[in-house]
Structures are given as C-alpha cells and as structure tokens.
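Trainee: I would like to go through some charged pairs and learn how each label is justified. Could we take them one at a time?

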Amino acid sequence: MDWRLHWALDGELDPAASEPVPWGTCGLGFDPRGLPADVQQRFPHLRNYLALRLPPTVLAQVPTMLTGRLLLSVHHPSGRVLASGGLQSPGVLDQLYASAATTVLGPSWRDGRPSLRVWAPTAQCVRLLRWPASGGAVETTIMARADDGTWAVTGEPEWLGSRYKYEVTVYAPYAGRVVANQVTDPYSLALTVNSTHSVLVDPDDPALAPEEWVTAAPPQLDSPVDQVIYELHLRDFSVHDDTVPAELRGSFLAATADSAGMAHLRRLAEAGLNTVQLLPMFDNATVQEHPDRRPQPPKEVLKQFPPDSPEQQRLAAQATDGYNWGYDPWHYFVPEGSYASTLAAADGAGRISECRAMIGAFHAAGLRVVIDQVFNHTASSGQDSRSVLDRIVPGYYHRLNAAGEVENSTCCANVATEHLMAGKLMVDGCRTWARLYRVDGFRFDLMGHHSRQNLLEVRAALDELTLADDGVDGRAITMYGEGWNFGEVADNARFVQATQTELAGTGIGTFNDRLRDAVRGGSVWDADPRGQGFGTGLATSDNGSGASGERSQQEQRLAWYTDLISVGLAGNLRDFRWWSLSRNAEISGAELDYGGRPAGYAAEPTEVINYVDAHDNETLFDALTLKLHPATSMADRVRQNTVCLALATLGQGAVLWHAGTDMLRSKSLDANSYRSGDWFNFLDFSMRDNGFGAGLPPAADNSDHWRIYAPLLADPRLKPKPEHIHRAHETALDLLRVRSSSRLFRLASAEAIKAAVRFPVAQGWQAQPGVIVMAIEQAGLRPYDAALVVFNPTAWLVRQSVPMDLAGYRLHPVQAGGADVVVKAVGLGADWVSVPGRTVAVFVRSAE
C-alpha cells in the first residue's frame with residue numbers, strides 16, 4: 001500500500017486525482033518500529049497506531065500545511081484510493097509552537113497603550129475589527145503574525161472602551177472550506193450584553209476597584225482542612241429576598257445590601273463557616289443577559305396549583321433562558337452579565353466593578369470566596385455562533401475521538417486541556433481570577449477530565465502570586481473539585497487523570513462521594529431513589545418501599561456504610577487502619593471496596609471534602625423525604641437532618657454544605673434543577689418556607705419518579721413549619737460551633753489523624769448496628785485534648801459501653817448550652833454513654 005499526504009490552502013483537493021495537481025502532496029514512509037516512546041507516553045491511547053513519517057524534504061513546509069486542509073490517503077499499488085480522511089493536528093501544533101505557552105494572550109496595557117494578542121497558528125490571516133467607544137464605523141487592522149503562532153496589534157490610549165472582534169481566516173473542517181470567522185477574544189476581560197463583542201478595558205483602572213474590595217481581607221486558614229464551605233448560586237441567594245432592594249435581586253450587588261441573606265451568612269460565619277463557594281459566575285452561553293428578555297412565570301399564577309401538580313414545571317419550562325446554573329462556558333475570564341445589576345453594567349466594564357464589590361462584601365462578612373471553574377468543556381464547538389475556541393483554531397481545543405468527532409462525555413464539547421494551549425487557558429484563567437478579582441479558591445467541575453499535570457500547573461502558577469506583586473498570596477488559594485473517573489479519559493486512558501486516587505499526595509481536594517452515599521443511601525443512579533443509608537434508617541427504620549432489599553441485605557449494607565463513614569470521618573485516608581464491621585478484620589482505607597475502587601484514597605486530609613448534599617441531585621431534606629418512613633414526624637426529620645450534617649461536619653477534612661441545607665431547603669424533590677428556574681430553586685432566608693410542595697419537579701429529569709413524588713408532595717405532614725426551619729438552623733449552627741471550638745475536629749495531617757482518631761467499639765459484641773463512636777485524642781491541644789463523638793441516627797436511645805476511661809469527659813459546652821434540648825439528656829458513666837435517638841453527642845475532656 002502507498003500512503004500519501006495532501007494539503008491545500010484553499011481546501012480544494014482530490015486524493016484520486018492524477019499528478020500534476022495544484023495542491024501539495026507527498027508520499028509517507030511506513031515505520032515498522034511503531035510510534036516513538038515519547039509519542040506513546042504523551043498519547044497512550046494511540047500506542048497501537050501505525051507510524052508514518054514525512055520525507056525530510058517537506059518538513060519545512062509543515063507550518064504552511066497546517067494553515068490549509070490536510071488529508072491522508074492510502075492507495076492500492078495500481079493507484080486506486082482505498083481510503084482517505086482528515087488529520088488531527090494538536091500534537092504537531094504543540095511541538096511547533098510550544099513557545100506560545102509563555103506568551104501573554106488577550107488584552108494587555110503598557111505605558112497607557114493597549115495590545116491585543118491571539119493564538120491562531122493555523123490561520124491564514126487575522127484582522128482586528130474595532131468599534132471605537134466614541135462611536136463610528138468599524139475600523140479594520142491586519143494583525144502581525146509571530147513565530148509562536150500568535151497574531152498581535154498595539155493600539156492607542158483612545159482604544160479604551162472599544163468593542164472588538166477578531167476576523168480569523170482559517171480552514172474549518174466542519175465547514176469543509178476556508179472561512180472568515182468573526183469571533184470574540186477567548187481572553188476577553190469584558191463583553192457587551194449577550195457577549196456579541198469583546199470590550200477593551202483596563203482592569204487596573206481605579207474606577208473599577210470598589211473600596212471594600214480593596215480594603216476587606218478574607219479570613220486566613222491555618223490549613224485547607226479548616227474550610228467550611230457554603231455552596232451558593234448567586235441568583236438563588238437574593239432573588240427571593242425581599243430585604244434586598246428590588247433592583248439588586250439576583251445580582252452581584254445583592255451581597256452589598258443589608259439583607260436577610262447577608263445576615264444569615266454572617267451568623268454562619270460567626271459560628272465557624274468561613275467560605276462561600278459560588279456556582280459558575282463566568283460568562284455562560286445560556287442565560288439571557290438583557291433583563292427585559294428574561295421572563296419568569298408569575299409567582300401568583302404558580303401558587304394557585306396544588307403541591308403535586310405538573311402545571312408549575314410546565315410553565316417554568318417556558319422560561320429556561322432566564323435561569324441556569326452556568327455550567328456552559330462561553331468566555332472564561334469575564335463575569336456573567338446576567339448578574340449585573342443593570343443593563344448598562346452588563347455592557348463593558350461595569351460587571352467587573354460589581355463582581356469585585358460582591359467579593360469585597362463577602363470578605364467583609366468574614367467569608368472567603370471560592371469560584372466554580374468549568375474548563376472541562378465549552379458550551380459549543382465547530383462553527384456554532386457560541387463557539388469561540390474552535391472557530392479560531394479548528395480541531396485543536398476539543399478532545400476528539402478516532403473519527404475526528406468532538407467527545408461529549410461531560411454532556412457538552414469536551415476541552416482537551418492535555419493540549420498545551422488548552423492547558424494554558426486553564427492556568428491563565430485561574431491566575432486572572434486570582435489577580436484581578438482576589439478570589440480565595442477554585443472548585444473544578446469534572447476535574448477527572450483534566451490531567452493531574454494540569455492541576456499541578458495551576459497550583460504552581462498560583463503559588464507564584466505574591467501580595468507585593470499581585471495583591472494576593474497565591475499559596476493561600478485552595479483547590480479542590482470533582483475527581484470522578486469516567487468517559488473517554490477513564491482509567492488514565494489518555495493521561496494520568498486528576499481523579500480521587502491519582503491526586504493523593506498533591507494536597508488538591510476531591511469530594512468524598514463515599515461518605516455522601518453511605519449517609520444518604522443508594523446512589524444517584526438508582527432506579528428507586530428511596531434506598532436508605534446510615535443516616536436515613538437503613539436496617540433500623542425501614543421505610544416500607546422495598547428499595548433497600550431484604551433484612552439481611554440491609555444489615556450487610558449497613559455494616560459497609562458504617563465502614564465507609566468511619567474512614568471518611570478519619571479523613572478518608574488510604575492508610576488509616578480500623579476494625580471493619582463489614583470485613584470483621586482490621587483493614588486500611590485502601591482495602592475497603594467502593595465499587596471496585598478503594599474507599600480510602602487520600603494521602604492527607606487536605607485532599608478530601610466531606611459533604612452530604614450539593615447543587616447536584618436532591619437536597620438533603622428532599623433525600624430524607626424520600627428515604628425516611630412517610631410517618632416520621634417533622635421534629636424527627638429535623639433531628640435526622642442534623643445527624644446527617646454532623647457526619648460531614650465533625651469528621652477530618654474540609655466540609656461543604658449546600659446553601660440552605662441548614663434550613664431544610666427543598667427543591668420539591670428535583671434531582672437536577674440546573675434549569676428549573678427560580679420557582680424550584682427557591683431559597684428563603686426569612687425561614688418561613690423551605691420550598692417543599694412547589695409542584696412536581698420538571699419532567700425532563702424527574703418524570704420517571706413522579707409516581708413516587710406525587711403522594712409525598714401532596715402530604716401536608718411533610719411540609720415543615722417555620723419553627724422546624726428555625727430549629728434546624730440553630731442546631732446546625734451548634735455543629736459549626738463545635739467544629740470550630742477545637743482542632744481535634746480539624747487535624748491537619750495524616751500522621752496526626754492516625755495517631756489521634758480511633759473507633760473504640762467497632763469490634764465484637766460492643767458494636768451496635770447503626771451507631772458510630774469516634775474517639776479523638778491529642779495531647780497538648782487547648783481547650784480540649786480529647787473528644788468522644790457518638791452518632792446515633794437510630795430512632796431509639798442507645799446505651800453504649802466504651803472501652804475507655806471517660807473520667808473528665810463532659811457534654812460539649814456548645815451542646816450543653818445549645819439549641820437542642822434532647823441532647824442534654826445524654827448519660828455518661830466511667831465506661832459508658834447513653835445517647836437519645838436521632839442525636840449526635842459530643843463529649844470533650846478539658847486539657848490540664
């Protein structure tokens with residue numbers, strides 16, 4: 001067989017044509033040795049592919065080849081074409097233009113003059129289209145190409161405020177021809193309304209620096225394990241809060257108001273919360289930024305329907321462009337315009353100032369700000385109007401399958417951050433948000449779709465930032481994310497992933513789904529969402545649904561869940577050892593199975609975020625609604641809510657609460673409320689209404705379970721009263737106060753945990769099903785050097801023998817003087833404790 005490569009700048013070629021032809025063509029040599037070792041290491045999924053080599057005589061033409069259409073063909077000795085297809089060029093682009101990784105892209109300023117630079121190595125020409133801020137016709141400038149594949153232009157001071165686009169003349173495989181794409185700057189710092197144009201701004205302009213943002217300092221952490229995080233969607237935070245001025249609701253500036261929401265956050269902060277994690281607030285491709293074109297169904301109409309009606313979701317579905325979580329990136333470096341307080345603020349630099357004002361307000365309230373980053377995918381690819389990266393360098397930024405199609409295992413167009421300049425985009429994006437907005441941490445969506453090296457490069461770039469030069473101490477910025485393992489990259493198929501097990505030793509945190517599932521019960525993939533867990537009555541208070549299996553199955557699963565929670569309470573360390581109830585032996589965290597993977601995976605407690613609910617899936621209250629027996633009283637549901645929160649809050653490692661979980665927040669059983677609108681994403685800081693009973697949740701993601709949901713939503717006993725919501729909040733505050741009272745609950749190293757934490761009644765006859773007793777002891781700590789925590793989610797009082805000397809122990813002062821009357825009835829003897837049902841009790845010993 002004869003292999004040939006063809007290239008044409010105008011895209012017109014036919015591999016079957018006889019020579020001479022008006023396009024470039026050359027034979028390729030087959031290398032029987034296969035791909036070189038360094039290529040196999042970089043592209044492990046290609047290790048078994050054929051190796052073909054270009055003749056040395058055409059190597060110098062490769063940069064030119066890349067600016068047109070490339071096609072590979074294989075021919076029969078007779079010359080007949082057997083097959084042909086396009087080429088994927090990211091590897092060679094990275095090799096040829098590696099120096100671009102250190103080039104400053106996007107807008108920059110020097111001596112009052114702006115420069116614009118974009119990386120477009122396959123472009124035949126790039127023009128700047130600029131609309132002056134003073135008005136007038138578009139001005140066109142041909143940009144200059146540099147050897148690193150970038151195109152640049154330097155302007156004049158009066159360019160400030162101009163709208164601009166790039167016109168990139170490039171061969172687009174998706175179009176099958178050379179196109180002139182007019183596209184916004186992927187490194188834009190400001191945009192017009194609905195992202196039609198980039199806007200040239202100077203982020204160092206003092207007019208864009210609100211005083212509180214300049215002066216308010218965030219709380220400092222001694223260790224990342226000190227993080228207590230409240231996950232918050234910006235619109236949810238204020239859109240229903242009538243103590244926020246109407247014009248500020250749903251905007252960045254709501255945080256600057258003296259509101260019920262801010263008062264709530266300050267209460268949490270005084271108790272021990274120290275971080276808000278904001279769902280994506282970069283420019284997204286879904287939400288309409290013009291406020292007059294963002295309809296929401298009238299509340300008065302929706303309130304007319306019964307709590308189990310399908311009508312509410314039908315009407316909410318008609319206004320999907322007015323609400324979204326924001327996981328559909330368009331421009332990574334710009335705050336989302338729909339969060340601007342006015343149309344004028346959304347247009348240009350105003351959203352920068354308002355976003356900074358919000359961050360300053362959170363800092364002033366004693367809260368760090370972590371932002372959600374979504375570099376694993378973009379909203380669109382190809383020639384779509386919302387595609388930016390792919391219309392500048394077609395076929396480079398997205399991960400492709402063998403057929404050249406964009407992978408979408410993330411549900412959108414997957415970004416290939418293993419490619420040099422896509423990885424640079426991720427690093428530069430994080431540096432920009434740290435430097436220009438002074439955020440305090442990053443949460444990475446679907447982090448397992450990035451490489452471990454990607455995350456380490458972000459970490460290294462942040463560590464270089466200093467207060468003196470950048471206004472932030474980059475070493476204090478925390479990093480964590482979703483270390484899930486799935487898709488075309490699963491099991492390190494293309495690179496060593498940033499997954500739970502692979503990040504051990506990096507200090508980068510991942511969410512602990514092991515503890516989450518064990519507390520709640522079942523998994524997000526269950527056909528019946530009523531399967532019970534340790535915190536929801538498994539084997540102790542059967543809900544009658546049959547979803548948890550037979551009694552013997554429940555008992556076996558309860559023992560396994562108890563083990564998962566135990567290792568989770570010990571920082572989910574891979575080498576923590578304890579007596580396993582499910583294995584009836586002493587094991588390590590790594591030896592406990594979790595779906596074919598080790599349950600304990602962390603090398604240090606800094607690498608774990610414990611939680612029991614988040615924006616994904618049902619809220620904790622809704623999970624309890626589904627999983628507890630329907631006859632369970634609301635008072636007991638409140639207690640169960642507190643016990644579940646305690647299992648995440650009082651363990652080692654950082655902790656995350658979903659906003660409103662301390663107030664029994666409900667989304668009316670909606671398992672995926674990303675576009676369910678304000679109605680189903682209700683959040684009420686007045687604590688009058690938790691949101692339950694808003695109607696059957698949107699059909700798209702929930703209709704399979706409507707038969708289960710409808711009778712629950714219609715049951716008036718399952719709607720909490722304001723006194724229940726207040727009680728849940730007050731007992732949640734006490735959990736925060738207990739955690740913050742002593743470093744016993746925030747040990748900063750694996751060695752400290754292994755020396756201090758144990759489960760003294762896990763072995764033998766002493767262990768009682770459905771109860772966990774955790775002891776923590778570290779000499780020299782003040783004010784307490786030891787604690788004994790009893791988690792009793794069962795419905796009955798437990799009297800537990802403890803093989804310890806409990807002399808000097810007492811109920812924690814926070815609980816002794818706290819909001820929960822029931823916990824004050826605990827008993828304590830020389831070697832035993834008694835704890836009421838649905839209760840967590842913390843006993844402490846004061847240091848001598």
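**Salt bridges and exposure**

Mentor: In this predicted model, a salt bridge joins the side chains of Asp258 and Arg266, with 3.7 Å from N to O.

Trainee: Why is the contact between Asp258 and Arg266 called a salt bridge?

Mentor: The N to O value for Asp258 and Arg266 is 3.7 Å, and the definition asks for a Lys or Arg side-chain nitrogen within 4 Å of a carboxyl oxygen of Asp or Glu, so the pair qualifies.

Trainee: How do you know whether Asp258 is buried or exposed?

Mentor: Asp258 has a relative accessible area of 68%, and exposed means over 50%, so Asp258 is called exposed. Its partner Arg266 has 31% relative accessibility, which lies between the cut-offs of 20% and 50%, and therefore Arg266 counts as partly exposed.

Trainee: What makes Asp473 and Arg475 a salt bridge?

Mentor: Their closest N and O atoms are 3.2 Å apart, which is within 4 Å, so the term applies to Asp473 and Arg475. Asp473, at 27% relative accessibility, is partly exposed, whereas Arg475, at 63%, is exposed.

Trainee: Why are Glu586 and Arg577 each called partly exposed?

Mentor: Glu586 has a relative accessible area of 47% and Arg577 has 42%; partly exposed covers what lies between 20% and 50%, so both receive that label. The side chains of Glu586 and Arg577 also meet in a salt bridge, at 3.0 Å from N to O.

Trainee: Which residues are linked in a network of salt bridges?

Mentor: Asp222, Asp226, Arg743 and Arg746 are linked in this way, and the structure holds 44 salt bridges.

Methods:
Residues numbered from 1 in each chain as written. Predicted model: local features only at pLDDT ≥ 70, side-chain atom pairs only at ≥ 80, totals over all residues. Heavy atoms only, no water. Buried < 20%, exposed > 50% of the residue type's maximum accessible area, 1.4 Å probe, protein only.
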